[in-house]
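Here is a short report on how this chain packs. Keep the structure open while reading.

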Amino acid sequence: MSDTEPPIRLAVVVGSVRDGRFGPVVAAWFAARARRRPAFAVDVVDLAETGLDAGFAARLEVADAVVVVTPEYNHSYPGPLKTAIDAAGGAWRGKPVGFVAYGGLSGGLRAVEHLRCVLAELHAVGLRDTVSFHGAAGAFDVSGEPREAGADAAATVLLDALASWSQRLQAVRP
Ligand SMILES: Cc1cc2nc3c(=O)[nH]c(=O)nc-3n(C[C@H](O)[C@H](O)[C@H](O)COP(=O)(O)O)c2cc1C
C-alpha cells in the first residue's frame, strides 16, 4: 500500500452470540493482529451488539473486506450468523471474506465450508487461507494469546490475502 492509498476497511465479525461464548477472545486476538498493519482500518462487528439485521448490514456495507470469526455448532456455523448474513444481502457483493474458525475437534473447519457456499451466492469471495483453532478454550492463554506458535503466521497469511484480494475486487464492488 502506498502512503496515499486509503486503508482497507476490514470488518471482523464475531459470529457467536450465546451467553458465555468464547468468540470475543478469538476476535480480539485477530483484530489486534490486523491493527498492527497500517493497511487496515479494523471494525470489530459483534452480532451480539449490532443485532442480526439492519445494524449489522450497515456496518458491513462500509467494509472493503470481511473476516468472519466463527465457531462450529453441530457441524455448521451458528444460526444467528446465517440470519445476519441473509439480512445484509447485497452488502457482501465483491468483498473478500476470510475465516477465523474455532471449535472442538474440528477447529471450526466444517462451519467454514458451509459459509463458503452461502457467501458465493451473495457474490462474496471466500479466501482459501484460513485460521483454525481446535479445542478453542484451551488454545488461548489467560491474556488471550494463542498457545500455538503458528497462529500468528496463519493470521499474517490471511491478512496478506485480504489485502491482495480487496484490491483486485475493487472493480466489482458497488
Ligand atoms: C450447540 C453446540 C454444538 C457444538 N458442535 C460442535 C461440533 O459439531 N464440532 C466441534 O468441533 N465443536 C462443536 N462445539 C464446540 C464449540 O465449537 C466450541 O465450544 C466453541 O468454543 C463455541 O464457540 P462460542 O463459545 O463462541 O459459542 C459445539 C458447541 C455447542 C455449544
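Serine 166 counts as buried because its relative accessibility is 4%, under the 20% cut-off. The model behind this value is predicted. Serine 166 sits in helix H6. Setting aside neighbours within four places in sequence, serine 166 is in contact with Ile8, Asp64, Ala65, Pro96 and Arg173. Leucine 10 is 156 residues from serine 166 along the chain, yet their C-alpha atoms are separated by 9.5 Å.

## The two nonpolar cores

Leucine 10 leads into the core. The largest nonpolar core has 30 residues. Which residues have the most contacts inside this core? They are Leu10, Phe30, Val100, Phe133 and Leu162. Several elements give two or more residues to this core. The strands among them are S1 (8-14), S2 (40-46), S3 (65-71), S4 (96-103) and S5 (125-134). The helices are H1 (23-35) and H6 (151-168).

Leucine 10 itself touches Phe30, Ala34, Phe40, Ala41, Val42, Asp43, Ala65, Val66, Val67, Leu159 and Leu162. That list leaves out residues up to four places away in sequence. Two of the names, Phe30 and Leu162, also belong to the group with the most contacts inside the core. Ala65 appears again as a contact of serine 166.

Apart from this core lies another, of 27 residues. Its members include Leu81, Ala91, Ala101 and Leu115. In soluble globular proteins, nonpolar side chains tend to be buried together.

## Helix packing

Three helix pairs are set out below.

| Helix pair | Crossing angle | Axis distance | Handedness |
|---|---|---|---|
| H4 (79-88) and H5 (109-121) | about 15° | 11 Å | right-handed |
| H3 (54-61) and H4 | roughly 60° | within 9 Å | right-handed |
| H1 and H6 | about 60° | 10 Å | right-handed |

Take H4 and H5 first. Their axes are 11 Å apart and pack at about 15°. That makes H4 roughly parallel to H5, because angles under 35 degrees count as roughly parallel. Leu81, Lys82 and Ile85 in H4 meet Leu115, Val118 and Leu119 in H5. Five residues of this contact are nonpolar, none is polar and one is charged. Leu81 and Leu115 are also members of the 27-residue core.

H4 also packs against H3. Their axes cross at roughly 60° and come within 9 Å. H3 and H4 are therefore oblique to each other. From H3 come Phe56, Ala57 and Leu60, and from H4 come Ala84, Ile85, Ala87 and Ala88. How do the residues of this contact divide into nonpolar, polar and charged? Seven are nonpolar, none is polar and none is charged. Ile85 of H4 is in contact with H3 here, and Ile85 also takes part in the contact with H5.

The third pair is H1 and H6. Their axes lie 10 Å apart, at an angle of about 60°. That makes H1 oblique to H6. Trp29, Phe30, Arg33 and Ala34 of H1 meet Ala151, Asp152, Ala155, Leu158 and Leu159 of H6. This contact has seven nonpolar residues, no polar ones and two charged ones. Phe30, Ala34 and Leu159 from this contact are also touched by leucine 10.

## Loop residues

Now the loops. Is arginine 36 buried or exposed? Arginine 36 counts as exposed because its relative accessible area is 59%, over the 50% cut-off. Its place is the loop between H1 and S2. Arginine 36 and valine 67 are 31 residues apart along the chain, and their C-alpha atoms are separated by 16 Å.

Two other loop residues have a backbone feature to check. Most residues other than glycine have a negative phi. Asparagine 74 is not a glycine, but its phi is positive, about 45°. Asparagine 74 lies in the loop between S3 and H4. With a relative accessible area of 77%, asparagine 74 is exposed.

Histidine 123 also has a positive phi, near 65°, and is a residue other than glycine. The loop between H5 and S5 holds histidine 123. Histidine 123 is partly exposed, at 45% relative accessible area.

Technical notes. Residues numbered from 1 in each chain as written. Predicted model: local features only at pLDDT ≥ 70, side-chain atom pairs only at ≥ 80, totals over all residues. Heavy atoms only, no water. Axes fitted to C-alpha atoms, helices over the stretch in contact; angles between N-to-C directions. Helix = DSSP H or I, 4+ residues; strand = E, 2+ residues; numbered from the N terminus. Parallel < 35°, antiparallel > 145°, perpendicular 65-115°, else oblique. Left-handed = near helix turned anticlockwise from the far one by under 90°. Contact = heavy atoms within 4.5 Å. Nonpolar A, V, L, I, M, F, W, Y, C, P; charged D, E, K, R; others polar. Core = buried A, V, L, I, M, F, W, Y, C linked by side-chain atoms within 4.5 Å. Buried < 20%, exposed > 50% of the residue type's maximum accessible area, 1.4 Å probe, protein only.
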